[in-house]
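Let's take a walk through this structure by following its aromatic rings. Have the model open beside you and pick out the residues as they come up.

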Amino acid sequence: MKKVINDIIVVGAGASSLSFLHSLVNKVKPNEHFNIIVIDKDRDYGCGNAYKDDVSTNLLNTKAGYITIDKEQKGDFFNWLKKNESNWRSEFSDLEITVDSYLPRPLFGAYMRDKFDTLIKDSLAKNVRISTVKGEVVNVQKISNLKYTTHLSCGLKLESNVVILATGTSFLTKDVCKLNDNIFNSPYPLKKRIGQIDQNDSVLIIGARLSAIDTIVALKDNGHKGKITVHSRSSTFPCVRGTQDRYLNQFLNINYIEQNNIKINIENLKALFDKEMANYLKENSNVELANESFAIKNCVVGSFKEYLLNELEMASKPRPWQAILYDTNLILSYIWNLLADDERKLFMKSHLSHAMAMRVSIPELNARKLVNYIDEGNLEFISGSCVVETSAANEIKCTLNGNEQVYDKVIYATGSPRDLTHSDSILFRNLNDSEIIGNNEYGGISVCKNTFQVLTNNGHVNEGLFALGEITNGTHLFNSALDIIVSHSSKCSELVLSKISA
Ligand SMILES: Cc1cc2nc3c(=O)[nH]c(=O)nc-3n(C[C@H](O)[C@H](O)[C@H](O)COP(=O)(O)OP(=O)(O)OC[C@H]3O[C@@H](n4cnc5c(N)ncnc54)[C@H](O)[C@@H]3O)c2cc1C
């Protein structure tokens, strides 16, 4: 039997995959034709893990008018909502839609699913055939420079010239978090978790970023009465999003940095930030801004309620630093790759948690809910060390800063493990063993920063193996925002086309 060699296999059907395919199809020339296979563990193509059909209290942290899968179409999601209201309104009957709303992520998932289906249909007219396969990819083997075999857990093997790893978030292994019926390595899907947790259970949530907040809100919205403890190792907690509009950085951008030969180091970045802030204040001198120190913020929680109330007060007005930080999204990888190694290490050790708390902020609505839960008396915030153990009687003992406490349920809301040997992804553990990938010391796998090609553990370039999204965080520092993902996917599609068209 003749072997079929596909041009491209994409592992994963979330935002990275969809934005990659979207920009690739748009770049295909009239005389070209390609065969592409998209493989996902779930049959729910397009939405990925972040925007799955789950509880509607899972909110986007980007305003409806700004978030889009198509960088050429500003406001695409918002326009889609208006055009397709009859398709989603019955499920979200009370939802008020404005460009400034922070809408439920499952609604964004419906948009992504529709975009994926439309892309599959439209791409045929461009001689691109995209087929989908439901299955878990467990390994990718290199046959030659532009020939790979992708192995699925069901035994299926597929050959292609190029493989794109777009697998998103993975979770801690069973061993690392001592999984059992009462310990969960992920909050999602929250619809399922809620059913697994009794309303009177005491719950420890490990991690204090967006997925921890999703979990608290979903539990409480479902009438949870037991104690909920949220644990942050670094004592930091996300900031609340202010009312500012977008701002175009004048100094913290590649043109200014290169034209002025500015060496990238933490001190110079702080100076550029201060300069940017001064410019923002000048441009907005007639606007009443949040009355806060304009230096890099301290997001450490002392009293949880006081922290949130202060954040809510600041967030009732425009917060210049948020507008400036947002506009650095697309140059983060550039900056990160120019920082000296000792500064990168210092950043990871001393600044990362603060930076994430500032960068990945929460909508005001969720912060208000948290304040109410604190007032009701069953939400607490703790920080410091945390060790989880299960006794022979299946009791969960958590040692928090040396004090032992017993919980009925523990939920890890810590996101992808930076160390791949702790990841529950069979695919990445197999790739790690086969040496086709190399671990990045700052997390995930090493990829070439400009081409997105995966580097082997000897630092060699895999000609036809590419990676996008969270797994490349060590190379790009931060990928967990749709605009970054869309930008990386678009660049990656150019290179992939140049490889398979050659
Ligand atoms: C909870 C959450 C909320 C977020 N909210 C926002 C937001 O509001 N705004 C914003 O800009 N960004 C947000 N993000 C950032 C988000 O990471 C990106 O916007 C984007 O959705 C990530 O897409 P992805 O395709 O890289 O990964 P994912 O969406 O995780 O998709 C990866 C896909 O790969 C599949 N997969 C994984 N491994 C395999 C395998 N071995 N075989 C087959 N299939 C596999 C998974 O089933 C999944 O469908 C959020 C992220 C998370 C996790």
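A good place to begin is Trp80, which is buried, its relative accessible area being 9%. Keep in mind as you look that this is a predicted model. Tyr111 is buried too, with a relative accessibility of 0%.

These residues belong to a wider picture: across the whole structure, a search finds 14 aromatic pairs. One of them joins Trp80 and Tyr111, whose ring centres are 5.7 Å apart. Their planes meet at 70 degrees, and planes over 60 degrees apart count as edge-to-face, so that is what this pair is. The pair also links distant parts of the chain, because Trp80 belongs to helix α2 (residues 76–83) while Tyr111 belongs to helix α4 (residues 105–124), and 31 residues separate them. Both rings are members of one aromatic cluster, made up of Tyr51, Phe77, Trp80, Phe108 and Tyr111.

Now move along to Trp336 and Phe347, an aromatic pair that is edge-to-face, with 5.8 Å from centre to centre and 65 degrees between the planes. Trp336 sits in helix α12 (residues 332–338) and Phe347 in helix α13 (residues 341–359), so this pair ties together parts that lie 11 residues apart in sequence. Trp336 is buried at a relative accessible area of 1%, and Phe347, at 15%, counts as buried as well.

Trp336 has a charged partner too: the charged end of Arg344 sits over its ring, 5.1 Å from the ring centre. Elsewhere, the charged end of Arg246 is placed over the ring of Tyr66, 3.8 Å from the centre of that ring.

How values were computed. Residues numbered from 1 in each chain as written. Predicted model: local features only at pLDDT ≥ 70, side-chain atom pairs only at ≥ 80, totals over all residues. Heavy atoms only, no water. Phe/Tyr/Trp six-rings, centres within 6.5 Å; stacked < 30°, edge-to-face > 60°. Helix = DSSP H or I, 4+ residues; strand = E, 2+ residues; numbered from the N terminus. Buried < 20%, exposed > 50% of the residue type's maximum accessible area, 1.4 Å probe, protein only. Lys NZ or Arg CZ within 6 Å of the ring centre and 35° of its normal.
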